[in-house]
Each structure stands twice: as structure tokens, then as C-alpha cells.
Amino acid sequence: MVDSHAVVVGAGIGGLSAALALHRHGWRVTVLERAPEMREVGAGLSLMANAVRAVDALGLGPALRRGGHGEAPGGIRNRHGRWLSRVDASEMIRQLGTRALGVHRATLHRTLREALPASSLHTSAAVEHVESAPDRAEVRYQGPDGTHTLTADLVVGADGLRSRVRAQLWPHHPGPVYAGSTTWRAAIAFPGPIPAAITWGPGAEFGMVPIGDGQLYWYGALNAPPGGHAPDELAAVRERFGDWHDPIPALLAATPPDVVLRNDIHYLAEPLPSYVRGRVALLGDAAHPMTPNLGQGAGQAIEDAVVLGAVCAGGAEGVPAALAAYDEQRRPRSQSVARASYVAGRFGQQLHNPIAFAMRNIALRLTPGRVALRSMARYADWRPPAG
Ligand SMILES: Cc1cc2nc3c(=O)[nH]c(=O)nc-3n(C[C@H](O)[C@H](O)[C@H](O)COP(=O)(O)OP(=O)(O)OC[C@H]3O[C@@H](n4cnc5c(N)ncnc54)[C@H](O)[C@@H]3O)c2cc1C
């Protein structure tokens, strides 16, 4: 293959996955990250079966299975600990062919980074402008020593929720909107067998996911106005969830205050009409920021990356056709996952009307396990392109 060069904007999970997928197909990659160091902010992550297949396709499955925790999802409880829906883990594994995986975000990020040539990663490189011509694309960025311009055969906009690449190339798109919920999360040391499970209260959800190495990731989500902050975020979580069922109080008691992160949840209410402009492709949260209710945001970003690598396997020559195929394969699926995730949030975490809440819980208790499993498996049943 002639020298084919891709510039990836953003070194989050999506950007690094894209760089790795292209690198594995013979591309020279340059990753530009505006932060002064390469690291992932955040606690844990569930990689559903589709995401596990995608990390397998990137060659990282064995390392992540060693570094994470194979999830046997327990199901959904009410705040008193009564199970509303239980997942038959062995049936789920039989249907999907693999377990889900709980991982620390830092482990996933480091594993991706270590699979790339160190010389391809550039920090303190804030991209300011991207332009596409028929035969090449250009990226202007601000580095520690001034302004630089790079020419590439392909540019990947993986610059997250507030993507500058999206705003620049789709200037009339309204961008992300607030979904109505705020979340707290933390990764903590917590030995002991705890199933990955969620708990619903009115307008609230608490989740726990083992992430390997004696660690556990918890999150709490709550309907709230945007922009809220508490002087002590852990105290705010205790106030809201501290009297929920065991082991939630123990998890909060084991949490150091300084590891608690708080984020409002945003998503694209208006899906993008395309993920591609000329030789620039959007990927991950830049393309389809979604609510976290199906645990699929990073999974979709890694799927995007695997498909992008596969369609670009022929190198620089075929980029326009490859990106048309990328858009065709990725946009319908990722946008339908995003839509389903939003709906799952409305009927799950966000439901607060007492009558609707009670009826939903009764319906859940009456739903046969195999039906619940089928709806859970629907979006997790994805396979990477052959070859
Ligand atoms: C509370 C919560 C829980 C979640 N749980 C899950 C889960 O269990 N499972 C799951 O699959 N997903 C989950 N997600 C979603 C997941 O975190 C995201 O979808 C995923 O991290 C997106 O990765 P990304 O690389 O696309 O974007 P980001 O992680 O946002 O990375 C973008 C990168 O681009 C850089 N950047 C931005 N602008 C520029 C610029 N101009 N120049 C250079 N660099 C730039 C940023 O610094 C950043 O490093 C969750 C999200 C939230 C909020």
C-alpha cells in the first residue's frame, strides 16, 4: 500500500480505537489530543458483548479480559433490593457468545495507547480548523510551540461531545442538548462478589459493575436541572442514595470523596444527516453522543473504529468510497442505539410519576426472563465485518 496517512482528532477511547484500527490496516496515523497528557478521565465502563467483539477485532480482547472483569449481569432491583427482573447470565452468554466486560476506563485507554506507536501520539495539540479537498484534507492545530498544519488522506473527528470538527463541518446542526439527568460515578477498591446490577427509584438509578483487580465502579443518576454542583458531591450522593438497599451504603462508605465525578448527560436530539464530509469522518461521541442508559456510547465508538479500519483497508486511493460505506454501515446502527438508549432512560432511570413507576415495575416483574433477555441482547448482538 502507498503511504496512507490519517490524522485523528482526539485521543479518547474512540480516537485511539480508530487510530489502532487504521494502523492495523497499514495506515500511518497521527493522533492530536488537546490535553497536556494522554489519559482517560472517568471511572469504569461496561463493554457489552458487541463492544467485546469490537475490542477482539482490534486484538485487545485477551489483555482486556485479563485487566477487567467478565460481567454476569444480575438484573434490575427496586430501592429496597427486591428483584424486578433477573438476567439468566448463562443463557445470555449462550445467545451472544461472549460475556460483557467491566473495565476501568484507564485500563482500556492504556491498553489502546500501548498498541499504537508512541510516536503517533501528540498531546497539547488543540485542533482549530479542518478542511477537506477532493484529494486530501488539512488540519490546523495549536501545539506547544505554535501553529502547525498537517496534510492527510483522511481525517477522523473523534473529539467528543463538544466536537469542533462537527461544529465546523455541520455549522447548522444545533449540537448536543441536555437529557434531563445528572450522574455521579466512582471506581473504588471493593473486594467481594457483587453482580453487575442496576436499581431504580423514582427518577433515579444506581448501578454497580465489578471492573477486576478488586475494584468496582458505581454510578448514581438523577433527574435534575442542568449545571448543578454540590460543595461535597459524595455527600450529595449519600443524601440521595444512602438509604437504598445493601450494598449501596457500604459502597458509598468505601468511596474517597476526591474520586467522585459528576457530569450532566447530553445527547444529540437531532441526529446528523451524515458522518462524512469529503475526506473527514466523525466517530464516537463526535458523531452520536448518547445517554448512557444502554451502556453503549464507548461500545459504538469502538464499533465505528473497527468498521472504519475495515472499509479503509485499501489505503488512501479508495477513501471517498470507503467513507461512503462507513457512513452507510455506521449511521443507521449507531443512531438507532442512541435512540433506544434515550427511550430506555425515559422508561427507566427518569420515570418518576408514581403511577407510571409502579406500573412499570409490575410489568417488569411479570415479563418472562427470555423476553427481557431478547430486548437486552438486541443491540449487543453485533459482529465485526469479516476479513
Ligand atoms: C456517566 C456515563 C457513563 C457511561 N457509561 C458507559 C458504559 O458503561 N459503556 C459505554 O460503552 N459507554 C459509556 N458511556 C459513554 C462513553 O463514555 C463515551 O461514549 C465515550 O467515552 C466517547 O469516547 P470518544 O472518544 O468518542 O469521546 P471522548 O472520550 O470525549 O474523547 C474526545 C477526546 O478529544 C479531545 N479533544 C476535544 N476537542 C479537541 C480538539 N479541538 N483538538 C484535539 N483534541 C480534542 C478531548 O480532550 C478528548 O480526549 C458513559 C458516559 C457517561 C457520561
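## Strands, salt bridges and a cavity in a predicted model

Strands β15 and β16 form a hairpin in which two residues lie between them, and D213 in that turn has a positive phi of about 55°. The structure described here is a predicted model, and the hairpin is a convenient place to begin reading it.

**The strands around β16**

Strand β15 covers residues 204-212 and pairs with β16 in the antiparallel sense over eight bridges. Within this pairing, E205 stands opposite A221 in β16. Strand β16 also has a second partner: nine bridges join it to strand β13 (residues 177-189), and these two strands likewise run antiparallel. In that pairing, A187 stands opposite Y217 in β16.

Is β16 enclosed or open to its surroundings? Seven of the nine residues of this strand (residues 215-223) are buried, so β16 is largely enclosed by the rest of the structure. A residue counts as buried when its relative accessible area is under 20%. The turn residue D213, in the loop between β15 and β16, counts as exposed, with a relative accessibility of 75%.

A further hairpin is found elsewhere in the chain. Strand β10 (residues 136-143) and strand β11 (residues 146-152) pair in the antiparallel sense over seven bridges, and two residues connect them in a hairpin. Here V139 stands opposite L150 in β11.

**Salt bridges**

How many salt bridges does the structure hold? There are 14 salt bridges in the structure. The table presents some of them.

| Salt bridge | Distance between the closest N and O atoms |
|---|---|
| R136 and E138 | 3.6 Å |
| E233 and R262 | 3.2 Å |
| R330 and D304 | 2.6 Å |

Consider R136 and E138, which form a salt bridge. R136 is partly exposed, with a relative accessible area of 34%, and E138 is also partly exposed, at 30%.

The salt bridge between E233 and R262 links distant parts of the chain: E233 belongs to helix α7 (residues 233-241) and R262 to strand β17 (residues 261-267), 29 residues apart. Both E233 and R262 are buried.

The third pair in the table is R330 with D304. R330 lies in helix α10 (residues 319-347) and D304 in helix α9 (residues 297-311), so this salt bridge ties together parts that are 26 residues apart in sequence. R330 and D304 are both buried. These two residues also belong to a network of salt bridges that links E303, D304, R330 and R333.

**An internal cavity**

The model contains one cavity of 30 Å³ or more. The space in the largest cavity is about 80 Å³. Twelve residues line the largest cavity, and those closest to its centre are M92, L96, T98, R99 and A100. Which element supplies the largest share of this lining? Helix α4 (residues 89-96) does, with four residues. By character, the lining of the largest cavity divides into nine nonpolar residues, one polar residue and two charged residues.

**An annotated region**

An unreviewed UniProt entry lists residues 5-169 and 274-340 under "domain: FAD-binding". Over residues 274-340, the chain is 55% helix and 7% strand, and the C-alpha atoms at the ends are 19 Å apart.

One residue in this part of the chain is N293, which is placed in the loop between β19 (280-282) and α9. N293 counts as partly exposed, at 27% relative accessibility. N293 and G10 are 283 residues apart along the chain, and their C-alpha atoms are separated by 24 Å.

**Backbone details**

Most residues other than glycine have a negative phi, and most peptide bonds are trans. Against this background, several residues deserve attention. The phi of D213 is near 55°, a positive value in a residue other than glycine. S124, another residue other than glycine, has a positive phi near 50°. S124 lies in the loop between β8 (121-122) and β9 (126-133) and counts as partly exposed, at 26% relative accessibility.

Which form does the peptide bond from D246 to P247 take, cis or trans? This bond is cis, with omega near 5°. P247 is found in the loop between α7 and α8 (248-253).

Key
Residues are numbered from 1 along each chain as its sequence is written. This is a predicted model: local features need pLDDT of at least 70, side-chain atom pairs count only at pLDDT 80 or more; totals for chains, interfaces and linings use all residues. Side-chain values use heavy atoms; hydrogens and water are left out. Buried means under 20% relative accessible area, exposed over 50%, partly exposed in between (1.4 Å probe, protein chains only). Two strands pair if DSSP finds at least two bridges between them. On a 1 Å grid over the protein atoms alone, a cavity is a set of points where a 1.4 Å probe fits but cannot get out, and a pocket is an open set with protein on both sides within 12 Å along at least five of seven lines; lining residues have an atom within 4 Å of a point. Grid points are joined across faces, edges and corners, and a volume is the space filled by probe spheres set on the points. Ala, Val, Leu, Ile, Met, Phe, Trp, Tyr, Cys and Pro count as nonpolar, Asp, Glu, Lys and Arg as charged, and the others, Gly among them, as polar. A salt bridge is a side-chain nitrogen of Lys or Arg within 4 Å of a carboxyl oxygen of Asp or Glu. UniProt positions are given in the numbering used here, feature names are shortened, and annotations may be inferred rather than shown by experiment.
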